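Biologist: I should be grateful for a close look at the disulfides of this chain. Please describe how the cysteines are paired, where the partners lie, and whether they are buried or exposed.

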Amino acid sequence: RASEMARMCLALALFVLQCGIANAVPLAFAPGLENDAAEGVRTDFGFDYMHLVQEWPGSFCDGKRGCVWPKFPPQQDGFLLHGLWPEFLNGSWPQFCDSSSPYNASAIKDLLPELHKYWPSLVSPDQDSFWAHEWNKHGTCCEKLTPREHVYFQLVLLLRSRFDATAILANAGITPAPSSSSSDETAPGTTSWRAVKKALDGAFGKAVEVGCSRDAKGRLQLSEVRSCYAPLSSARDAEERGEEEELRVGKVGVGKLTCPKEMEYGSCKGPDEPLLFPAFHPALP
């Protein structure tokens, strides 16, 4: 009788264990963002999503801090990359995650022409130190998605090419001022947060973030756009989300995501406040 009771207890324990496993909530998924709840965000990569940050050089350079123009001129009349940053949904972010994987300039030698063109530093003449900072601080925290330095930098360049903010805005009739002297609110080179958002959201297919700054005279200006992406663990993951095949580098893929702060326009003062869209570089004719 005792042995029969023991067998019954064992069977019950196995049943409970099996039910628990079958009904467990996968820890690899975090709650989705607004408008993306059905898609979910994977957290088994060490972060929830990624920000691709592009900055307008004219706005960066005509601030009080100024800029250091690169020795190798970047692309003309285009947003420049600031970085691809892993983030958490709670507003924090990982950084400097792997000291055993320091930046290696030779690993991205073949990407230098594109890096100089689209991802130069506007602060230091030493471009390598800037790219080293981006890899050491942000790239090492993406190693579960982009395990090698080359893949990380390649993914950044790919995402920029698939989200050409300058071309999108131009197609919507939003273009920078022909010179740094434009200050008339009705002149070319003037826009608004709402107009920029409408153009970028429509072309990207998900809501992005738009940021502003003030120039040396205190005038509001368009300065930054951020698009967001969720890491994908497999081609099946991408297929289930209906993602574009071209957002992949080999087996590494990401999916477009609605940015968590896409409705914030505080840095732009108001959604319809006139914003300057200054010339590509104030020092250029």
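Modeller: With the bonded cysteines numbered in sequence order, the pairing runs 1-2, 3-4, 5-8, 6-7. One cysteine stands outside this scheme: Cys142 takes part in no disulfide, and the nearest cysteine sulfur, that of Cys141, is 6.7 Å away. Since a disulfide here requires two cysteine sulfur atoms within 2.5 Å, that distance of 6.7 Å does not qualify. Cys142 is nevertheless buried, because its relative accessible area is 0%, and buried means under 20%. The model is a predicted one, and by the same distance rule its count comes to 4 disulfides.

Three of these bonds can be described in detail.

The bond between Cys61 and Cys67 has a sulfur-to-sulfur distance of 2.1 Å. The torsion about its S-S bond is about 100°, and the disulfide of Cys61 and Cys67 is therefore right-handed. Its two partners fall into separate accessibility classes: Cys61 is buried, with a relative accessible area of 10%, whereas Cys67, at 26%, counts as partly exposed.

A second bond joins Cys212 and Cys268, whose sulfur atoms are 1.9 Å apart. This pair links distant parts of the chain, for Cys212 belongs to strand 6 (residues 209-214), while Cys268 sits in the loop between strand 9 (252-257) and strand 10 (275-276), 56 residues apart. A torsion of about 90° about the S-S bond makes the disulfide of Cys212 and Cys268 right-handed. Cys212 is buried, at a relative accessible area of 12%, and Cys268 is likewise buried, at 0%.

The third bond connects Cys228 with Cys259, with an S to S distance of 2.1 Å. Cys228 lies in strand 7 (residues 220-232) and Cys259 in the loop between strand 9 and strand 10, so this disulfide ties together parts that are 31 residues apart in sequence. The loop between strand 9 and strand 10 thus holds Cys268 as well as Cys259. Because the torsion about the S-S bond of Cys228 and Cys259 is about 110°, this disulfide is right-handed. As for accessibility, Cys228 is buried at 0%, and Cys259 is buried at 2%.

Key: Residues numbered from 1 in each chain as written. Predicted model: local features only at pLDDT ≥ 70, side-chain atom pairs only at ≥ 80, totals over all residues. Heavy atoms only, no water. Buried < 20%, exposed > 50% of the residue type's maximum accessible area, 1.4 Å probe, protein only. Helix = DSSP H or I, 4+ residues; strand = E, 2+ residues; numbered from the N terminus.
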